[in-house]
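Me: I have a structure here that I haven't looked at before. Can you walk me through it?

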Amino acid sequence: MLVSAKEMLQKAKAGRYAVGQFNINNLEWTKAILQTAQELNSPVILGVSEGAGKYMCGFKTVADMVKAMIDGLGITVPVALHLDHGTYEGCYRCIEAGFSSIMFDGSHYPIAENVEKTKELVRVCAEKGLSLEAEVGAIGGEEDGVIGMGECADPNECKQIADLGVTMLAAGIGNIHGKYPENWQGLSFETLAAVSEKVGSMPLVLHGGTGIPADQIKKAISLGVSKINVNTECQLAFADATRKYIEAGKDLQGKGFDPRKLLAPGVEAIKATVKEKMELFGSVGKA
Ligand SMILES: [Zn+2]
């Protein structure tokens, strides 16, 4: 069922595990993630960037597809449909379209403006029963044209935003979107511990989950991270499996060109990636 991310994340924080946010790009992606969550009896968050929303013909198409798919597949685990790195305007469009959760990325605004806009969205989301994620300290790498340097958040600013009544908080701790460079310094657990102490029971969000070593993921969860975003890893797995299918000439054998056959190995690869992450994050059996 489609729910806000509030309860699943509060349970995760209390139970010391994390719920995965897996970004979706199309029907196959959505189906693969929902089926895996159901099979593993895990809560799940479907992430949609503004670019992916546009690609899928608008947020309403996405929300209607997800709701119909939950119904059609008989999905009973908690599912949140979440706007990833939303602009202020994008947040309102998703609220209108029927999303159950949104992220307002005000990290590029001066802190006073981030506070002002977040405050307004806290009010609207509370009214409609949606969960709201805020961000402090830009996350490194490139996502939909937004480039961050991977800075570490100021724990006092985190406390300031958390106190506005958001549901969960993304704090930059040296994490990066996309593939991590060779010379990456690793996560700043010092920052994470300081933020965690300031914000108390507020669930923390780790963006850029692709390529962070498993031991660092586990340590981050132990320090209060309850939501981890995975995007690039599913894309790499899908592309790799699809390339192998074509390179093996399978599209030229029989009806191997049928899109339902052509896309099947990629879908299986997404499922395997999601399963591996849910096991690592500890969300299996927690629906
Ligand atoms: Zn992100």
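Reply: Let's start with one helix. This is a predicted model, and in helix 6 the residues Asn114, Thr118, Leu121 and Cys125 are buried.

Me: Why are those four on the same side of helix 6?

Reply: Because they cover an arc of only 70° around the axis, they end up on the same side of helix 6.

Me: And which residues are exposed on the other side?

Reply: Ala112, Arg123 and Glu127 are exposed there, on the other side of helix 6.

Me: What covers the buried residues of helix 6?

Reply: The cover includes two helices, helix 5 (88–97) and helix 7 (155–162). It also includes strand 4 (101–104) and strand 5 (131–136).

Me: How does helix 6 lie relative to those strands?

Reply: Helix 6 lies across strand 4 and strand 5, and runs at about 165° to strand 5.

Me: How many residues does helix 6 have, and how far does it reach?

Reply: Helix 6 covers residues 111–128, which is 18 residues. From its first C-alpha to its last it reaches 26 Å, close to the 26 Å expected at 1.5 Å a residue.

Me: What comes just after helix 6?

Reply: Gly129, which takes a positive phi of about 75°.

Me: Switching to the strands. What do they form?

Reply: Eight strands make a closed barrel, in the order 1-2-3-4-5-8-9-10, with parallel pairing. From one strand to the next, the twist averages 25°.

Me: What holds paired strands together in general?

Reply: Strands of a sheet pair through backbone hydrogen bonds, and the pairing can be parallel or antiparallel.

Me: Take strand 3, then. How many bridges join it to strand 2?

Reply: Six bridges join strand 2 (residues 44–49) to strand 3, and the two run parallel. One pair to look at is Val48 with its bridge partner Leu83 in strand 3.

Me: And how many bridges join strand 3 to strand 4?

Reply: Three, and strand 3 (residues 79–86) runs parallel to strand 4. Gly86 has Phe104 in strand 4 as its bridge partner.

Me: Is strand 3 largely enclosed or open?

Reply: Eight of the eight residues of strand 3 are buried, so strand 3 is largely enclosed by the rest of the structure.

Me: Now a loop. Where is Thr210 found?

Reply: Thr210 sits in the loop between strand 9 (204–206) and helix 9 (214–222).

Me: Is Thr210 buried or exposed?

Reply: Thr210 is buried, because 22 other C-beta atoms lie within 10 Å, and the cut-off for buried is 20 or more.

Me: Which residues is Thr210 in contact with?

Reply: Setting aside neighbours within four places in sequence, Thr210 is in contact with Lys179, Val230, Asn231, Thr232 and Glu233. As for Cys234, Thr210 is 24 residues from it in sequence and 8.8 Å from it in space, C-alpha to C-alpha.

Me: Zooming out, how many helices and strands does the chain have?

Reply: The chain has 12 helices and 10 strands. Its radius of gyration is 18 Å, close to the 19 Å that the globule rule gives for 287 residues, so the chain is as compact as a globular protein of that length.

Me: What box do the C-alpha atoms fill?

Reply: Roughly 60 × 45 × 35 Å, taken along the principal axes. Of the 287 residues of the chain, 47% count as buried.

How values were computed: Residues are numbered from 1 along each chain as its sequence is written. This is a predicted model: local features need pLDDT of at least 70, side-chain atom pairs count only at pLDDT 80 or more; totals for chains, interfaces and linings use all residues. The expected span of a helix is 1.5 Å times one less than its number of residues. A residue is buried if 20 or more other C-beta atoms lie within 10 Å of its own, exposed if 12 or fewer, and partly exposed in between; C-beta atoms are placed from the backbone. The arc is that of the directions from the helix axis to the C-beta atoms. Two residues are in contact if their C-beta atoms, placed from the backbone, lie within 7 Å. Two strands pair if DSSP finds at least two bridges between them. Axes are lines fitted to C-alpha atoms, for helices over the stretch in contact, and angles run from 0 to 180 degrees between N-to-C directions. The radius of gyration is taken over C-alpha atoms; the globule rule is 2.2 Å times the number of residues to the power 0.38.
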